[in-house]
Amino acid sequence: MSMYDDVEKILYSKETIQKRIQEVANEMNALYSDADLPLLICNLKGAFMFLADLVRYLDFRHELDFIETSSYGAGTASSGDVRFLLDVGESIKDRNVIIVEDIVDSGITLSCILERFEARHAQSVRVVALLNKPSRREIEVPIDFCGFVVPNEFVIGYGLDYDQQYRNLPFIGVLKPAVYQGD
Ligand code: PRP
């Protein structure tokens, strides 16, 4: 059976995603045009596809780095236990940091990342998130640039997984509940 059979519906097509990312990039271009070499930090794995498209629309000079956090295991809800599997390779002291996230759900992951980076004395830390799911928020977190506000459904595709699969779907869709029922 194809992975496409597990998709209940498409929320955002690839064209819609590209158009919105371009708009978000333009907001960032306006704010960072004179900034001192910002550092974009992509939170793997989910944000890899968003980052790849976003940076192609950015016109300010910047550097890139990656972190990897994990909180979901194989389930559909955050475990609340955020693990840092990969950290940035250089100092972020006095840097203008932009965290690139695919989705902010409970806010627990982002809150841990922000706490960690603020303790390292970045000059500024802002957040760009492709998706925001405020209905599930447990911790208040700032999102400076946001692509879409999503309903409280389990979303997959365009980097987002269920049990490490479906990240390669070119759109953002809703997973059929039958796939994860019984977890
Ligand atoms: C997902 C997503 C965010 C986080 C959001 O990552 O990429 O980082 O969960 O959830 P929260 O707001 O409830 O903390 P996940 O831990 O599933 O790792 P992945 O990106 O490698 O899939």
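**Entry 1. Leu-51 and helix H2**

I began with Leu-51 and listed its contacts, leaving aside neighbours within four places in sequence: Leu-40, Cys-42, Leu-64, Phe-66 and Val-100. I note at the outset that the model is predicted. Leu-51 sits in helix H2. I then asked whether Leu-51 is buried or exposed. Its relative accessible area is 5%, under the 20% limit, so I recorded Leu-51 as buried. I also looked up a pair far apart along the chain: Leu-51 and Asp-102 are separated by 51 residues in sequence, and their C-alpha atoms by 8.7 Å.

I extended the search to the helix that holds Leu-51. The buried residues of H2 are Met-49, Phe-50, Leu-51, Asp-53 and Leu-54. Against which elements do these buried residues pack? I found H1, E2, E3, E5 and E6.

**Entry 2. The nonpolar cores**

I next looked up the largest nonpolar core and found 30 residues in it. Met-28, Leu-54, Val-128 and Leu-131 have the most contacts inside this core. Helix H1 (14-32), E2, helix H2 (48-57), E5, E6 and strand E7 (145-149) each supply at least two of its residues. Which element gives the most to this core? I recorded H1, with 6 residues.

I followed Val-128 in detail. Not counting residues up to four places away in sequence, Val-128 touches Val-24, Met-28, Phe-50, Leu-54, Ile-98, Ile-99, Val-100, Glu-101 and Phe-145. Apart from the largest core lies another, of 17 residues, and I noted Ile-67, Ile-99, Leu-110 and Ile-113 among them. As background, I wrote down that nonpolar side chains tend to be buried together in soluble globular proteins.

**Entry 3. The shell around the ligand**

I turned to the ligand and found 20 residues around it. Which of these come nearest? They are Glu-101, Asp-102, Ser-106, Gly-107 and Thr-109. By class, I recorded 5 nonpolar, 9 polar and 6 charged residues in the shell. Strand E2 (39-44), strand E3 (63-70), strand E5 (96-104) and helix H3 (108-118) each supply at least two shell residues. The largest share, 4 residues, comes from E5.

I then checked distances to oxygen atoms of the ligand. For Ser-106, an N or O atom of the side chain is 2.5 Å from a ligand oxygen. For Arg-167, a polar side-chain atom lies 3.2 Å from a ligand oxygen. For Asn-43, the distance from a side-chain N or O atom to a ligand oxygen is 3.3 Å. How much of the ligand does the protein bury? Taken alone, the ligand exposes 500 Å², and the protein buries 95% of that.

**Entry 4. Thr-109 and Ala-119**

I returned to Thr-109, one of the residues that come nearest to the ligand. Thr-109 is found in helix H3. I counted Thr-109 as buried because its relative accessibility is 16%. Leaving aside neighbours within four places in sequence, I found Thr-109 in contact with Asn-43, Thr-69, Ser-71, Val-82 and Glu-101.

For contrast of position, I looked up Ala-119, in the loop between H3 and strand E6 (124-132). Is Ala-119 buried or exposed? Its relative accessible area is 55%, so I entered Ala-119 as exposed. Ala-119 and Lys-93 are 26 residues apart in sequence, and I noted 9.4 Å between their C-alpha atoms.

**Entry 5. Backbone geometry**

I closed with the backbone. Where is the cis peptide bond that I noted? It joins Leu-44 and Lys-45, with omega about 0 degrees. Lys-45 is found in the loop between E2 and H2.

I also noted positive phi values in residues other than glycine. Asp-163 has a phi of about 55 degrees, and phi of Tyr-166 is near 75 degrees. Asp-163 is in the loop between strand E8 (155-156) and strand E9 (172-175). Tyr-166 is likewise found in the loop between E8 and E9. I then looked up the accessibility of each residue. Asp-163 counts as partly exposed because its relative accessibility is 37%. Tyr-166 has a relative accessible area of 6%, so I recorded Tyr-166 as buried.

Note on methods:
Residues are numbered from 1 along each chain as its sequence is written. This is a predicted model: local features need pLDDT of at least 70, side-chain atom pairs count only at pLDDT 80 or more; totals for chains, interfaces and linings use all residues. Side-chain values use heavy atoms; hydrogens and water are left out. A residue is near a molecule or strand if one of its heavy atoms lies within 4 Å of it. A polar contact is a pair of N or O atoms within 3.5 Å; within protein, one must be able to donate a hydrogen and the other to accept it, and residues adjacent in sequence count only if both atoms are side-chain atoms. Accessible areas come from the Shrake-Rupley method with a 1.4 Å probe; for residues, only the protein chains shown count as cover. Ala, Val, Leu, Ile, Met, Phe, Trp, Tyr, Cys and Pro count as nonpolar, Asp, Glu, Lys and Arg as charged, and the others, Gly among them, as polar. Buried means under 20% relative accessible area, exposed over 50%, partly exposed in between (1.4 Å probe, protein chains only). Contact means heavy atoms within 4.5 Å. A nonpolar core is a set of buried Ala, Val, Leu, Ile, Met, Phe, Trp, Tyr and Cys residues joined through side-chain atoms within 4.5 Å.
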